[in-house]
Amino acid sequence: MRAKQIAPTMALLLLCSALPFATSGSARADVREGDVLFADFEGETYGDWTVEGDAFGPGPAKGTLPGQVSVDGYSGERLVNSYYNGDGTTGKLTSPEIELTKPYVNFLIGGGGHPGVRFELLVGDQVVRIARGPNVNPGGSEKLDWGTWDVSDLQGKKARFRIVDEETGGWGHINVDQIVLGDKKKSGIANERELTIEKRYLCVPIGQDRPRRWVRVEVDGLVRREFEAGLREENDAPTSRDFVARIDMGDWLGQKMKFVVEKADEDIAFAPLTFSDDAYGEDDAYNEKYRPQFHFCPRYGWTNDPNGLVYHDGIYELFFQHNPFGTQWGNMTWGHATSPDLLHWTEKGDAIYADRLGTVFSGSGAVDVANSTGFQTDPNGPAPLVFMFTQNGPNMRYGEQASQNLAYSLDGGKTLIKYEGNPTIPWMIGGNRDPKIFWDKNKERWVTALYLDGEDYALFASKDLKSWDQLCKIEKLGCSECPDIFELPVDGDESNKQWVFWGGNGKYLLGTFDGETFVRTTEPLDAKWGGNDYAAQTYSDTPGRRIQFSWMSGGEYPGMPFNQQFTVPRELTLRTTPEGVRLNTYPVVELETLRDRELDLTKKVGDSGVEYLAKSSDASSVDLLDVEATLKIEGDETIVVAIRGQEFELNAKEKTIKYAEVVAPLAVVDSKVALRLVLDRTSLEIFTNGGLSQIAKCFVPADDNESAVLEVSKDRVESLKVWTMKSVWNQ
Ligand code: FRU
């Protein structure tokens with residue numbers, strides 16, 4: 001591998017030819033006009049480099065080596081990776097001589113950061129520069145990143161590069177790639193813009209196919225917002241996945257701000273930044289091909305868990321885990337929407353941003369009716385809304401462990417103010433997170449359920465939401481994350497109530513709670529059996545009803561500027577069954593208000609069963625449906641039902657309902673099964689026997705519309721009502 005002076009056209013050629021080969025490392029513009037590419041390690045051997053020991057293997061590695069955490073960020077197909085046969089091997093790799101003709105040496109580096117792993121620059125026998133990977137502790141990342149040596153003082157000198165691996169323990173390896181001599185630095189560089197904050201929202205054009213970089217928005221020299229995003233460049237035509245992210249900068253109106261894109265050359269022309277008075281602009285959002293039509297999903301970006309669910313003054317508040325800057329998980333922020341009816345949502349812009357304590361993870365909300373927090377200082381003002389949530393430092397690159405924090409609103413949820421004494425529960429253990437608060441009327445104090453670690457949870461109590469004491473632990477729930485706890489009447493009998501303790505994947509315990517200790521009276525039971533349904537949360541302050549939203553985790557929305565949706569809102573009740581008291585899940589009654597027309601169906605009986613067909617004038621609108629059906633099941637038979645190409649099986653012998661990989665229990669009562677099917681553009685929710693079991697699944701619809709509304713493998717439908725549903729957007 002000889003030093004190559006890259007002539008302008010060659011440099012371009014090299015760049016283009018690198019693109020198709022970029023495997024896990026992204027293709028990068030890492031060789032510029034005039035640069036000297038000294039080594040790209042794309043050959044099968046090390047060429048004229050001298051190899052000592054066995055750490056480097058027979059030649060540059062094709063990315064990750066056996067047993068290694070996935071290596072990322074290298075250029076092209078191969079790199080130097082001294083993990084050959086694991087961390088136990090050692091060795092040295094020394095380059096031929098090169099004349100230092102440029103002021104900077106840029107290189108990609110990753111792996112261990114111990115003294116024994118080094119990338120060195122030698123002049124004669126003297127080591128004049130050293131670089132190492134970032135990792136010394138267990139965990140960490142195998143991602144290579146740019147390093148730069150300023151060698152302006154060594155111009156004209158002859159030098160050699162040496163890659164050394166003398167470490168045999170954890171992180172006893174080093175990864176190096178793409179050694180380039182250049183006129184510009186590649187690490188420590190930034191692309192900066194200075195602007196005056198003219199209006200409340202800073203509009204940032206997102207380019208989802210552009211490399212993700214860390215961005216800081218600074219005011220007065222302090223970092224006010226920080227996120228990782230792909231940014232659109234000036235000449236990029238937006239793809240269908242691109243959008244404009246809007247960041248609330250209202251606290252600094254009229255002031256100067258700096259927009260700093262890390263590790264980006266100063267001459268990259270990013271698309272212009274603008275300002276707006278609105279959290280969202282006038283555009284075509286909610287009209288996309290795969291946009292759910294009556295399920296909540298964010299206008300742009302990613303969501304996962306529902307957060308801060310609280311009802312007050314006729315408004316349902318819905319906060320949600322939001323990445324405002326891309327359609328993948330990350331930059332966790334609380335997005336915000338409100339609705340008068342749990343169905344029609346107006347997005348309000350993001351409500352809680354990350355800060356020094358970390359990105360904003362899941363949490364809950366309630367009305368502080370008694371003003372226990374003292375946040376409301378106006379005796380005539382409304383009761384504060386209070387929110388407790390986790391912040392996770394490592395996602396912000398600051399390394400602080402997850403802590404529990406408090407925010408409140410004195411203007412009915414429009415503005416959330418972080419409590420200045422945060423954190424309220426400092427880090428305790430593992431990834432402790434997801435506090436769910438409620439007001440214990442009997443003890444006149446707050447209780448929060450908190451996920452600790454493994455399969456363990458705990459309850460804490462507080463008079464003012466600011467200082468907390470642990471009450472009890474709830475161990476071995478059989479799942480992790482996102483607890484919920486509430487009391488419900490059994491079969492509607494207010495004099496016979498039981499407590500429910502709930503975990504992230506829908507396992508729950510029934511039990512008693514005396515204000516101090518939760519005592520389980522059952523083993524962990526299931527309220528869901530798989531499918532796209534996770535991290536559910538119920539509303540606070542909804543008198544007489546327990547209403548839950550769940551994240552339909554794992555749904556796919558190809559080419560869309562948003563990602564993920566919630567289930568329909570559903571009411572939870574406790575009902576007595578032959579197996580004991582069980583939690584029931586059923587759509588809230590409000591969902592029926594979206595029913596548009598009842599379809600007049602034609603029944604066609606054939607060899608393979610029965611088809612219910614819509615009139616041709618209706619056929620185009622059968623992708624949004626609400627169905628109520630009663631099927632007769634004789635003996636031990638199996639019946640297959642299909643709606644819009646989604647097939648599921650009712651199995652009377654096994655007493656199961658099977659939909660894709662999900663198998664849920666099925667009760668056949670008096671030889672009958674009652675079904676409720678809620679079909680949206682990208683999801684189907686099935687409820688059996690009034691909610692005794694339920695399955696929520698996402699799908700990507702086929703392009704050709706199915707004309708049959710419902711297909712049933714046997715002629716067993718006793719009653720059937722099908723309504724088309726209205727969209728909740730753009731009305
Ligand atoms: C569950 C979860 C929570 C966490 C949040 C982060 O999906 O992992 O435990 O608070 O998502 O986005």
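**Exercise 1. The nonpolar patch**

Find the residues that make a nonpolar surface patch of about 250 Å², and place Trp 427 in the chain.

Solution. The patch is made by Trp 427, Met 428 and Ile 429. The structure is a predicted model, in which local features need pLDDT of at least 70, side-chain atom pairs count only at pLDDT 80 or more, and totals for chains, interfaces and linings use all residues. Residues are numbered from 1 along each chain as its sequence is written, and side-chain values use heavy atoms, with hydrogens and water left out.

Patches take residues with over 30% relative accessible area and no salt bridge; nonpolar side chains (Val, Leu, Ile, Met, Phe, Trp, Tyr) are joined within 5 Å, like charges within 9 Å. Accessible areas come from the Shrake-Rupley method with a 1.4 Å probe, and for residues only the protein chains shown count as cover.

Next, locate Trp 427: it lies in the loop between β27 (417-418) and β28 (433-440). Helices (H or I, at least four residues) and strands (E, at least two) are DSSP runs numbered from the N terminus. Trp 427 has a relative accessible area of 39%, so it counts as partly exposed. Buried means under 20%, exposed over 50%, and partly exposed in between (1.4 Å probe, protein chains only).

**Exercise 2. The ligand and its shell**

Describe the residues around the ligand and give three polar contacts.

Solution. Start with the shell: 13 residues surround the ligand, and the closest are Asp 305, Gln 321, Arg 433, Asp 434 and Glu 481. A residue belongs here if one of its heavy atoms lies within 4 Å of the ligand. By type, the shell divides into six nonpolar, three polar and four charged residues. Here Ala, Val, Leu, Ile, Met, Phe, Trp, Tyr, Cys and Pro count as nonpolar, Asp, Glu, Lys and Arg as charged, and the others, Gly among them, as polar.

Then take the contacts, each with an oxygen atom of the ligand. A polar side-chain atom of Asp 434 lies 2.5 Å away from such an oxygen. For Arg 433, an N or O atom in the side chain is 2.7 Å from a ligand oxygen. Ser 362 uses a backbone N or O atom, at 3.1 Å from an oxygen atom of the ligand.

Finally, consider cover: the ligand taken alone exposes 320 Å², and the protein buries 92% of that. β20 (301-312), β24 (359-367) and β28 are the elements that give two or more residues to the shell.

**Exercise 3. Salt bridges between distant parts**

For Lys 102 and for Lys 289, name the salt-bridge partner and state how exposed each side is.

Solution. Side chains of opposite charge can pair when their charged atoms come close. A salt bridge is a side-chain nitrogen of Lys or Arg within 4 Å of a carboxyl oxygen of Asp or Glu. The whole structure holds 40 salt bridges.

Lys 102 meets Asp 183 at 3.5 Å, N to O. This pair is 81 residues apart, with Lys 102 in the loop between β6 (98-99) and β7 (104-111) and Asp 183 in the loop between β12 (174-182) and β13 (190-196). Lys 102 is buried at 12% relative accessible area, whereas Asp 183 is partly exposed at 45%.

Lys 289 meets Asp 703 at 3.0 Å, N to O. These two residues are 414 apart in the chain. Lys 289 is partly exposed at 46%, and Asp 703 is exposed at 62%.

Notes: Polar contact = N/O pair within 3.5 Å; in protein donor to acceptor, adjacent residues only side chain to side chain.
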